[in-house]
Amino acid sequence: MEIKEPAVAYGKNKMTIEEYLQFEKASDTKHEYYRGEVFAMSGAKPRHNVIAKNPMRDIATALRGKPCQPYGSDMRINIPENTLFTYPNISIICGDIIPPGYDEDTATQPVVVIKILSKSTRDYDRMGKFKLYRDIPALKEYILVDSESVNIEAFRINSNNHWALEEYKTISGELMLPSVQVNIPIADIYEETKLPV
C-alpha cells in the first residue's frame, strides 16, 4: 500500500481515535492514523502484490498448527504508545490477538512485521515508520522487502536488546525469521516478479 497526503479533505484537520475508527468502518478504502491525522492508502502495483503473496504463502505453510500465525494487509495494527494505526503487508502474531481497549478489530502485538517497499514510501518505511514500530513491546523483527530489486533488509532485536541489520542482496539463500523459527528461500519471495537476479 502507498500513503497519500494527510486526508484533510475528509471534513476536519484532526480526528480523535474514536472518530477515525468510525470513519474507517464506513470507508471503502484503508487509512492510516497518527496523532489525529488521517492518511489515505492507495492500491499497490502488481509486483508489490506478488511479493506480498509469496512470503505469506510460505509463512502460513510453515506455521500451520502452531501458535504464531501470519496476517495480511487487512489486519489493522495499533501502537497505543504512539497512536499509530496502520496496515502492514504481513504481520505475524503469536498467541491470541490482543486488541486495544477501544477496538476489537485491531491487533497490538505483532512479533514480526514485513513491509513491501514502494518508491513513494521507501524512506518513510525505513526510517519514520520503523521508529514508530519499535514502540511495540512484542516486536522482534522488522523486514523490508524491495519491490524494485532483489534486496531485503532484516532488522532484528539482538541479545543486547539493540536492533541489528542483516541484508540479503542475492536470490540465493534464505530469509531467516528466528523469532518464529521460519526460513523462507529468497527465490520464493521474488518468484514470478520478473526482476533481474
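**Entry 1. Strand β13**

I began with the side chains of β13 in this predicted model. They alternate along the strand. L175 and L177 point to one face and are buried. E174 and M176 point to the other face and are not buried.

**Entry 2. Strand β14 and its pairing with β13**

I then looked up the partner of β13. Strand β13, residues 174-177, pairs with β14 in the antiparallel sense, over four bridges. I noted two of the partners by name: E174 is bridged to P185 in β14, and M176 is bridged to N183 in β14.

I checked the side chains of β14, residues 182-185, in the same manner. These also alternate. V182 and I184 point to one face and are buried, whereas N183 and P185 point to the other and are not. Reading the two strands together, I note that E174, which is not buried, has as its partner P185, which is not buried either. For M176, not buried, the partner is N183, also not buried.

What lies between the two strands? I found that β13 and β14 form a hairpin with four residues between them. Q181 sits in the turn and has a positive phi of about 55°.

**Entry 3. Further positive phi values**

The sign of phi at Q181 led me to look at other residues. As background, most residues other than glycine have a negative phi.

N161 is not a glycine, yet its phi is positive, about 65°. I located N161 in the loop between β11 (152-157) and β12 (163-168). With a relative accessible area of 58%, N161 is exposed.

K194 is likewise a residue other than glycine with a positive phi, near 65°. I placed K194 in the segment after α5 (186-189). Its relative accessible area is 80%, and K194 is exposed.

**Entry 4. Aromatic pairs around F85**

I counted the aromatic pairs next: the structure holds eight. I examined Y33 and F85 in detail. Their ring centres are 5.9 Å apart and their planes stand at 80°; the angle is over 60 degrees, so the pair is edge-to-face. Y33 belongs to strand β2 (residues 31-34) and F85 to strand β6 (residues 84-86), so this pair ties together parts that are 52 residues apart in sequence.

Are these two residues buried or exposed? Y33 has a relative accessible area of 4% and is buried. F85 has a relative accessible area of 0% and is buried as well.

F85 also forms an aromatic pair with Y102. Here the centres are 6.1 Å apart and the planes are at 50°, and the pair is tilted. F85 is in strand β6, while Y102 is in the loop between β7 (90-94) and β8 (106-107); the pair therefore ties together parts that are 17 residues apart in sequence. Y102 is partly exposed, at 34% relative accessibility.

**Entry 5. An aromatic cluster and a charge over a ring**

I looked for aromatic residues grouped together and found one cluster formed by F130, Y133, Y142, F155 and W163. At F130 I recorded a further feature: R134 lies over the face of the F130 ring, at 4.6 Å from the ring centre.

**Entry 6. A44**

I looked up A44 and found it in the loop between β3 (37-42) and α2 (46-62). A44 is partly exposed, at 24% relative accessibility. I took its distance to V180: the two are 136 residues apart in sequence and 27 Å apart in space, C-alpha to C-alpha.

**Entry 7. The chain as a whole**

I closed with the overall figures. The protein chain has five helices and 14 strands. Its radius of gyration is 17 Å, close to the 16 Å that the globule rule gives for 197 residues, so the chain is as compact as a globular protein of that length. The C-alpha trace spans about 50 × 35 × 30 Å along its principal axes.

Of the 197 residues, 47% count as buried. Among contacts with a separation of 6 or more, 55% are between residues 24 or more positions apart.

**Entry 8. Confidence**

How confident is the predictor in this chain? The average pLDDT is 90, and 93% of the residues score at least 70. I marked residues 1-9 separately: pLDDT stays under 50 there. For this stretch the model has 33 contacts beyond four places in sequence.

How values were computed:
Residues numbered from 1 in each chain as written. Heavy atoms only, no water. Phe/Tyr/Trp six-rings, centres within 6.5 Å; stacked < 30°, edge-to-face > 60°. Buried < 20%, exposed > 50% of the residue type's maximum accessible area, 1.4 Å probe, protein only. Lys NZ or Arg CZ within 6 Å of the ring centre and 35° of its normal. Pairing = 2+ DSSP bridges. pLDDT = per-residue confidence, 0-100. Contact = heavy atoms within 4.5 Å. Rg over C-alpha atoms; globule rule 2.2 N^0.38 Å.
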